2 protein chains.
Amino acid sequence: MRLLLPAGTTETALIDGISAAGATPELMVQTPSADVEILEYGEPTTAPVTPVSPTGCPTPAAVTRAVREVIDFDCVVIDAGLARSTGAPTVDLGVEAGEDVREFEAVPDAAAVFDRAHGFGSSLPDDEIVIGETVPGGTTTALGVLTALGEPASVSSSLPENPLERKRRVVDDALEASDLEAGDCAGDPRRGPGRRRSGPDDRHGDRRGCTRVRYPSHARRGTQMVAVAALLRHADVDAPLSIATTSFVADEQGDRLERACDRLDCKLTVTDPGFDEGDHVAMERYCAGEAKEGVAMGGALSIVPDGEMGAVRDRLEVVCDRLGIDANGPPRRRGRSRIGTEGGGGS
Amino acid sequence: MRLLLPAGTTETALIDGISAAGATPELMVQTPSADVEILEYGEPTTAPVTPVSPTGCPTPAAVTRAVREVIDFDCVVIDAGLARSTGAPTVDLGVEAGEDVREFEAVPDAAAVFDRAHGFGSSLPDDEIVIGETVPGGTTTALGVLTALGEPASVSSSLPENPLERKRRVVDDALEASDLEAGDCAGDPRRGPGRRRSGPDDRHGDRRGCTRVRYPSHARRGTQMVAVAALLRHADVDAPLSIATTSFVADEQGDRLERACDRLDCKLTVTDPGFDEGDHVAMERYCAGEAKEGVAMGGALSIVPDGEMGAVRDRLEVVCDRLGIDANGPPRRRGRSRIGTEGGGGS
C-alpha cells in the first residue's frame with residue numbers, strides 16, 4: 001500500500017470563516033508545507049510554523065505520522081500547488097497554487113495538470129493506493145465539485161461548528177462565475193467551478209484516461225474524498241473504491257456519509273482511534289470535534305492492525321511532544337508561529 | 001538512519017569517455033531521474049529509460065533498492081540539478097543542472113545553493129545521516145574538488161577501465177578556466193573549479209555554517225564521498241565521518257582509499273555483497289568490474305545485518321526481473337531505451 005498525498009494551497013481558504021488551518025493568511029498558506037514535513041520527518045523542519053491550535057489540537061498530520069512510526073508505510077507527497085517551500089520531498093507536476101474558487105479559472109491550466117497527474121498516477125506499479133490531501137479550504141472546493149456534479153453535498157469541517165451555509169454561498173458564487181448550474185458537470189468531471197470548460201474532444205480524452213485507473217483506490221479523509229470518488233464515478237471508473245475516515249467526521253456527518261458511499265458504490269470504513277481512552281490534550285481536542293481528519297489521518301488509522309491502536313496513541317504523545325504540546329497544558333512556545341484559531345491543519 | 005541522495009546531471013558527464021551512465025547524451029541525462037524512481041518505486045515509472053547496460057549490468061540503484069526491500073530505511077532524494085523530470089518525490093532546493101566543469105561557473109549560483117542545502121541539512125532531526133549520490137560524471141567533478149583542495153586524488157569509475165588520465169586532463173582544464181592551481185582551495189572549500197570565488201566574508205560564513213553539522217555523517221560511495229569528506233574536513237568539521245563503499249571500488253582502488261580515509265579521519269567500511277555466490281548476469285557484471293558502486297549502494301550494503309545478504313541477493317534478482325534482466329541472458333527489451341555502453345547508472 002502506498003499513500004499519495006497531494007498538498008497544496010488555494011486562495012479559497014482565505015475566505016473569512018472557511019478553514020481552521022491557520023489564524024492568518026500567511027500561517028494558513030504555510031500549513032500544508034509544515035504538514036508534509038511532519039509526515040516525512042516527524043516534525044516541521046524548514047517550515048516556520050507548527051500547525052497546532054491555541055487549545056493544543058495538533059494537525060491531523062501528527063496522527064498520520066504517529067501511525068507511520070508504528071506501522072511504516074510508503075508515502076509520496078505530490079506538490080498540488082504549495083505556495084511555500086517545504087523541506088519534504090514532493091513530486092513536481094508543475095502545479096501552481098489555486099486561486100479563489102469564485103474566480104473564472106481558479107485552477108490555472110487545469111486540463112494540463114490533470115494530464116500530468118494522470119500520467120504520474122498510471123505510471124505507478126502499486127496494486128493498491130491510498131489518497132489523502134492537505135489543502136486548507138479543501139472541503140469548500142469539494143463542496144463545489146459535488147454540487148457541480150449534481151451530487152447531494154455535505155462536507156465536513158475542521159471547525160467544531162461547521163460553517164456549511166457560508167461554504168454553500170461561496171460555491172454558489174463559484175458556479176455563477178463559471179457560468180454553471182448545479183449538476184451541469186454530471187458525467188463530465190473535467191468541467192467544474194473554477195475550471196475552464198473543455199470541449200467535446202477533451203471530454204472524450206478524459207473519460208478514456210480515467211478508465212485506465214487499474215487498481216482499487218482507497219480515498220481517505222471523509223468528505224473531500226467523497227468528491228474524489230464522485231469525480232471517478234462520473235468518469236465511468238468502476239474500479240473498487242473505498243473511503244476511510246475517522247469517527248470524528250462520521251459523528252458529525254450522521255448517515256449522510258454512508259448514503260454518499262452507497263450512492264457512489266464505495267466501501268466506507270470508519271475508524272475510532274480511541275482517543276477518549278487517552279489522557280492528552282491533543283486527543284481531548286479531537287474528541288471535542290476539533291480538526292477531525294485530514295492529511296490521510298482516516299486512511300492511516302484504517303490500516304492499523306487490531307491491538308495496535310494503543311501504540312499509535314502512545315506514539316502520538318511522542319509526536320505531540322516534538323510539536324511542543326504538553327499532555328495537559330496549552331502548547332509550549334518553541335520559536336515557531338503557532339497556527340489555527342480552532343483546529344489544526346484541517347480544512 | 002536516513003539516506004540523503006542528491007540526484008543531478010552535469011554537462012561534464014557528456015565529455016567523451018568520462019562516464020558509463022548512458023550511451024547517448026539524452027540517455028545519460030535521464031539516468032539519475034530513472035535511478036531515483038527505482039529507489040522509490042522499485043522500477044522506472046515516468047522516466048523513459050532503464051539504466052541497464054547491454055551486457056545486463058543494472059544501475060547500482062537496483063542494489064540499493066534491493067536492500068530497501070529487505071531492510072526498509074528512510075530515503076530523501078534531493079534535486080541537485082535534474083535535467084529531466086522524475087516521478088520520484090524530491091526536495092526542491094532550486095538547483096539547476098550543472099554545466100561543464102571546464103566552464104568558469106559550472107555550478108550556477110553555487111553560493112546560494114550551498115546556503116539552501118545547508119539550511120535544509122541542518123533542519124533535519126536525524127541523529128545519523130547517510131549521503132549518497134547519482135550524478136553521472138560525478139567522479140570527475142570529485143577529482144576536481146580533491147585536486148583544488150590539494151588532496152591526493154584518485155577516483156573510481158563505472159567503466160571497467162578507469163579513464164583516469166582523461167579525467168585528470170578535464171580537471172586541469174577546469175582549474176585553468178577557474179584561474180586556480182591545485183591546492184588553491186585548501187581550507188576554503190567553498191571555492192573550487194567551476195565555482196565563482198567567494199570573498200573573505202563568504203568564507204567565514206561558510207566555516208561557521210559547516211561546523212554546525214551536528215550529527216555523524218556517513219558518506220557513502222567510495223571515491224566521490226572522499227571528496228565530500230575532504231570538503232567537510234577543510235571546512236573544519238570535526239564530527240565523526242565514515243565512508244562506506246563496495247568491495248568492487250575497494251579492489252580497484254587498492255590501498256589508496258584506505259590512505260585517503262586515514263588522512264581525513266574517516267572510518268572506512270567496505271562491504272562485499274557476495275555477488276560471486278550469485279548466479280545472475282547482474283552479479284557477474286559487478287564482479288567483472290562494471291558499475292561498481294553509486295546511488296548509495298555501498299552505504300545501503302553497509303547496514304545489511306549479518307546473515308541477511310543472501311536475502312538482498314535474492315531480492316536483487318526480483319528487482320532485475322522488473323528491469324527486464326534475465327538471470328542468464330542479455331537484457332530483454334521492454335519498450336524503454338536501454339542505456340550505457342559498459343556500466344549501469346554509475347559515474
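A residue counts as buried here when its relative accessible area is under 20%, as exposed when over 50%, and as partly exposed in between (1.4 Å probe, protein chains only). On that footing, buried residues make up 61% of the 347 residues in chain A. This is a predicted model, so to speak of local features takes pLDDT of at least 70 and side-chain atom pairs count only at pLDDT 80 or more, while totals for chains, interfaces and linings use all residues. Side-chain values use heavy atoms, with hydrogens and water left out; residues are numbered from 1 along each chain as its sequence is written, and chains are lettered from A in the order in which they are written.

Chain A has 12 helices and nine strands, taken as DSSP runs numbered from the N terminus (helices H or I, at least four residues; strands E, at least two). With contact meaning heavy atoms within 4.5 Å, residues 24 or more positions apart supply 77% of the chain A contacts that have a separation of 6 or more.

Now for the pair. Superposed by least squares on the C-alpha atoms of residues with pLDDT of at least 70 in both, chain A lands on chain B with an RMSD of 0.0 Å after a turn of 180 degrees and a shift of 0.0 Å along the axis. The two copies are therefore related as by a two-fold rotation axis. Both use the same surface, as 100% of the contact residues of chain A recur in chain B.

Next, the empty space. On a 1 Å grid over the protein atoms alone, a cavity is a set of points where a 1.4 Å probe fits but cannot get out, and a pocket is an open set with protein on both sides within 12 Å along at least five of seven lines; lining residues have an atom within 4 Å of a point. Points are joined across faces, edges and corners, and a volume is the space filled by probe spheres set on them. The second largest pocket holds about 490 Å³. Its lining has 25 residues, with A:Thr90, A:Val91, A:Asp92, A:Leu93 and B:Thr90 the closest to its centre.

There are four cavities of 30 Å³ or more, and the second largest cavity has a volume of about 200 Å³. Of its 18 lining residues, A:Glu40, A:Arg68, A:Cys75, B:Arg68 and B:Cys75 are the closest to the centre. β3 (74-79) of chain A and β3 (74-79) of chain B each give at least two residues to this lining.
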